[in-house]
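The following exercises are to be worked with the sequence and the coordinates at hand. Each task is followed by a solution in steps.

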Amino acid sequence: MLLPKRLSAAEYAAGIRAGSRTVLGRAITLVESTLPADQRLGQEVLQALLPHTGRSLRVGITGVPGVGKSTFIEALGRYLVESRGKKLAVLAVDPSSQRGGGSILGDKTRMPWLAAQAAAFIRPSPAGRSLGGVARATREAMLLCEAAGHDVIFVETVGVGQSETAVHGMVDFFLLLLLAGAGDELQGMKRGIMEMADALCITKADQGNEQAARRAKVDYQSALHLFPAAPSGQVPPVLLTSAVSGTGLAEVWQAIEGYAAATQQSGYFEQRRQQQQLQWLHQSIVQELEARFYADAAVHARLPALQQDVAAGRITPFAAATQLLDLTGTAGATSPR
């Protein structure tokens with residue numbers, strides 16, 4: 001079987017700018033790769049495309065498993081493509097097995113209409129071992145999709161723990177999907193996520209569940225009044241939607257566009273993007289330092305014995321870490337306790 005020709009950075013950039021879905025998919029695979037050669041080429045591609053990024057509206061979508069994220073995204077995406085003429089990209093982070101590292105990558109099967117549209121691009125990515133299940137290269141994939149001309153980018157989280165915080169740090173608007181009648185509308189564990197949300201959306205408000213959804217809306221609106229004011233200065237709305245009937249989808253998009261317009265006018269939109277870029281810089285520094293540390297030959301030789309000593313209680317983890325850092329000459333960077 002003939003393998004596809006390896007493209008140069010210029011060929012990748014030209015193909016993506018021309019709207020080639022095949023080249024876009026290959027470029028995302030490139031930036032997801034852990035091979036040093038692929039990483040270098042991926043960075044060249046991103047640098048070439050950087051002037052063509054930043055023009056999309058980035059929307060994070062989260063919610064617990066069972067809330068219907070994929071169904072909601074399929075319905076809202078269809079509305080954007082058909083009724084608003086948008087070009088949409090969906091970056092869906094799939095859970096990875098902690099044992100074998102595999103993932104289901106089934107988002108295309110859960111979004112069959114979008115998957116068949118030329119104006120929509122769906123990319124499921126394995127979460128790997130990065131924070132809370134967010135794929136390491138999601139930010140890079142987002143930039144590639146922007147350079148390909150996608151007006152709107154959805155980033156769907158797996159909805160488990162800290163992934164919401166990570167996605168919140170890379171999008172312009174953060175949408176929290178909620179279920180009515182689950183018996184935990186005001187549950188304390190949701191407070192942190194609710195404080196991050198720019199809008200709350202109660203799904204499945206149909207088929208006899210309308211009354212419960214309306215009650216949940218009132219409960220959530222009351223709860224939001226107890227939270228401190230959002231840094232954006234905007235009050236998060238609570239919306240009702242049905243992916244089956246399409247009810248409320250236009251209102252959701254209106255809320256997203258209204259938020260973007262208001263924050264762009266106030267300057268918060270650009271300020272937040274700049275903060276996210278700096279956050280990305282510092283995260284990249286930490287990731288690169290960690291990669292170089294474990295790739296160091298002296299660390300590789302000494303680590304197994306020190307791990308045994310730590311496990312046996314003969315040395316503290318901090319002391320062992322200091323010894324390893326001494327080998328690389330970075331012990332002085334250890335923050336004082």
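A residue counts as buried when its relative accessible area is under 20%, as exposed when it is over 50%, and as partly exposed in between. The model is predicted.

**Exercise 1. Overall description**

Task: Determine what share of the residues counts as buried, and how many helices and strands the protein has.

Solution.
Step 1. Applying the 20% limit, one finds that 45% of the 337 residues are buried.
Step 2. The secondary structure consists of 14 helices and 7 strands.
Step 3. The exposed surface of the protein is about 17600 Å², and carbon and sulfur atoms supply 56% of it.
Step 4. Among contacts between residues at least 6 apart in sequence, 73% join residues at least 24 apart.

**Exercise 2. Confidence of the model**

Task: State the average pLDDT, and identify where the pLDDT is below 50.

Solution.
Step 1. The average pLDDT is 86, and 84% of the residues score at least 70.
Step 2. Residues 97-106 have a pLDDT below 50; beyond near neighbours in sequence, the model gives this stretch 16 contacts.
Step 3. Residues 333-337 also stay under 50, with 3 contacts beyond four places in sequence.

**Exercise 3. The surroundings of Asp172**

Task: Establish where Asp172 is found, whether Asp172 is buried or exposed, and which side chain joins that of Asp172 in a polar contact.

Solution.
Step 1. Asp172 belongs to the loop that runs between α8 (163-168) and β5 (173-179).
Step 2. Its relative accessibility is 5%, so Asp172 counts as buried.
Step 3. The side chains of Asp172 and Arg273 are joined by a polar contact of 2.7 Å.
Step 4. Beyond four places in sequence, the residues in contact with Asp172 are Ser56, Leu57, Arg58, Asp198, Tyr259, Phe269 and Arg273.
Step 5. Glu270, in helix α12 (residues 268-295), is 98 residues from Asp172 along the chain, and the C-alpha atoms of the two are separated by 9.4 Å. Glu270 is partly exposed, because its relative accessibility is 45%.

**Exercise 4. Asp38**

Task: Locate Asp38 and decide whether Asp38 is buried or exposed.

Solution.
Step 1. Helix α3 (residues 36-49) contains Asp38.
Step 2. Asp38 has a relative accessible area of 13% and is therefore buried.
Step 3. Setting aside neighbours within four places in sequence, Asp38 is in contact with Arg6, Leu30 and Ser33.

**Exercise 5. Aromatic pairs**

Task: Find how many aromatic pairs the whole structure holds, and classify the pair of Phe173 and Tyr259 by its geometry.

Solution.
Step 1. The search returns 2 aromatic pairs.
Step 2. In the pair of Phe173 and Tyr259, the ring centres are 5.2 Å apart and the planes stand at 80 degrees, so the pair is edge-to-face.
Step 3. Because Phe173 lies in strand β5 and Tyr259 in helix α11 (residues 249-266), this pair ties together parts that are 86 residues apart in sequence.
Step 4. Phe173, at 2% relative accessibility, is buried, and Tyr259, at 7%, is buried as well.
Step 5. For Phe293 and Tyr294, the centres are 5.1 Å apart and the planes at 85 degrees, so this pair is edge-to-face. Phe293 is buried at 16%, whereas Tyr294 is partly exposed at 47%.

**Exercise 6. Cysteines**

Task: Report how many disulfides a search of the whole structure finds, and state whether Cys145 is buried or exposed.

Solution.
Step 1. The search finds 0 disulfides.
Step 2. Cys145 has 0% relative accessibility and is therefore buried.
Step 3. Cys201, with a relative accessibility of 0%, also counts as buried.

Key:
Residues are numbered from 1 along each chain as its sequence is written. Side-chain values use heavy atoms; hydrogens and water are left out. Helices (H or I, at least four residues) and strands (E, at least two) are DSSP runs, numbered from the N terminus. Buried means under 20% relative accessible area, exposed over 50%, partly exposed in between (1.4 Å probe, protein chains only). A polar contact is a pair of N or O atoms within 3.5 Å; within protein, one must be able to donate a hydrogen and the other to accept it, and residues adjacent in sequence count only if both atoms are side-chain atoms. Contact means heavy atoms within 4.5 Å. Accessible areas come from the Shrake-Rupley method with a 1.4 Å probe; for residues, only the protein chains shown count as cover. pLDDT is the predictor's confidence in each residue, from 0 to 100. A disulfide is a pair of cysteine sulfur atoms within 2.5 Å. Rings of Phe, Tyr and Trp (its six-membered ring) pair if their centres lie within 6.5 Å; planes under 30 degrees apart count as stacked, over 60 as edge-to-face and the rest as tilted.
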